[in-house]
Amino acid sequence: PRIVVLLSGSGTNLQALIDAEAGGELGGKIVGVISNRPGVKGLQRAEAAGIDAQLLDHTGFSSRDAFDAALQSLIDQYRPDLVVLAGFMRILTPAFTEHYQGRMLNIHPSLLPKYQGLHTHQRALDAGDDCHGVTVHFVTAELDGGPAVIQAIVPIIEGDTAESLSARVQVQEHKIYPMAVRWFAEGRLKYHQGKAWLDEQ
Ligand code: GRF
């Protein structure tokens with residue numbers, strides 16, 4: 001299966017996927033990486049791995065619709081079976097999410113449905129939660145609202161800051177994202193009638 005990764009930043013999740021592919025553990029091939037921000041480390045990671053990397057700068061577009069349409073045609077040039085959002089910091093239009101329904105995954109640093117949107121680590125700390133975590137989910141029109149595929153729970157410990165908590169959550173991100181992508185690539189993970197389904201092996 002062909003995989004396209006979208007990102008906006010440092011791309012540590014992309015790196016985890018690249019490493020899994022190199023180790024024969026991804027079940028698919030990353031054929032392209034697209035960033036909406038110039039000069040980010042994620043683009044360098046793609047290039048270093050010999051993956052086609054492209055910039056589509058959203059600031060050059062007059063509307064969200066126009067950007068998403070251009071993004072869609074760029075993605076579809078790679079004929080992907082799966083689109084993976086890995087720190088792609090853009091709200092997506094319903095036309096875009098519908099086009100990739102059932103074949104687009106996102107990773108969100110909270111135990112969804114808790115803390116959709118930004119600043120999830122600080123919000124978990126402010127709420128006095130004893131657990132935080134990360135969720136891989138199918139992308140639907142609702143921001144961070146699609147069906148969950150897998151979650152990792154991370155305990156909050158005494159003295160945690162948003163930074164220390166985020167670092168421990170990221171360790172788990174880098175484990176569960178390659179796992180979820182592999183399930184999809186193997187045909188075990190499917191989206192059906194608004195739900196995520198994982199077949200027995
Ligand atoms: C991660 O925390 C992920 O959960 C969120 O964006 C961040 C991306 O980090 N969606 P990186 O660019 O993969 O390091």
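The following paragraphs describe the sheet, a helix that lies across it, the surroundings of the ligand and a hairpin in a predicted model.

The sheet is open and consists of seven strands, which follow one another in the order E3-E2-E1-E4-E5-E6-E7 and whose pairing is mixed. Its edges are formed by strand E3, covering residues 53–55, and strand E7, covering residues 148–155, each of which pairs on one side only. When direction is ignored, neighbouring strands of this sheet are turned against each other by 20 degrees on average. Within the sheet, strand E5 (residues 104–108) and strand E6 (residues 131–138) are joined by four bridges and pair in the antiparallel sense, and in this pair His108 stands opposite Thr135 of E6.

Helix H1, which comprises residues 12–22, lies across four strands, namely E1 (2–7), E2 (29–35), E4 (82–85) and E5. Relative to E2, the helix H1 runs at about 165 degrees.

The ligand is surrounded by 14 residues, and the closest of these are Gly9, Thr12, Asn13, Gly87 and Pro109. Two elements, H1 and E5, give two or more residues each to this shell. When the residues of the shell around the ligand are sorted by class, five are nonpolar, eight are polar and one is charged.

A further pair of strands is formed by E8 (residues 189–192) and E9 (residues 195–198), which pair in the antiparallel sense over four bridges. These two strands, E8 and E9, form a hairpin in which two residues lie between them, and Gln193, located in the turn, has a positive phi of about 50 degrees. Across the pair, Tyr191 stands opposite Ala196 of E9, while the bridge partner of Lys190 in E9 is Trp197.

The two faces of strand E8 can also be told apart, since one is covered and carries Leu189 and Tyr191, whereas the other is uncovered and carries Lys190 and His192. In a regular strand the side chains alternate between the two faces of the sheet. Tyr191, which stands opposite Ala196, thus belongs to the covered face of E8, and Lys190, whose bridge partner is Trp197, belongs to the uncovered face.

Conventions
Residues are numbered from 1 along each chain as its sequence is written. This is a predicted model: local features need pLDDT of at least 70, side-chain atom pairs count only at pLDDT 80 or more; totals for chains, interfaces and linings use all residues. A residue is buried if 20 or more other C-beta atoms lie within 10 Å of its own, exposed if 12 or fewer, and partly exposed in between; C-beta atoms are placed from the backbone. Two strands pair if DSSP finds at least two bridges between them. Axes are lines fitted to C-alpha atoms, for helices over the stretch in contact, and angles run from 0 to 180 degrees between N-to-C directions. Two residues are in contact if their C-beta atoms, placed from the backbone, lie within 7 Å. A residue is near a molecule or strand if its C-beta atom, placed from the backbone, lies within 6 Å of it. Ala, Val, Leu, Ile, Met, Phe, Trp, Tyr, Cys and Pro count as nonpolar, Asp, Glu, Lys and Arg as charged, and the others, Gly among them, as polar.
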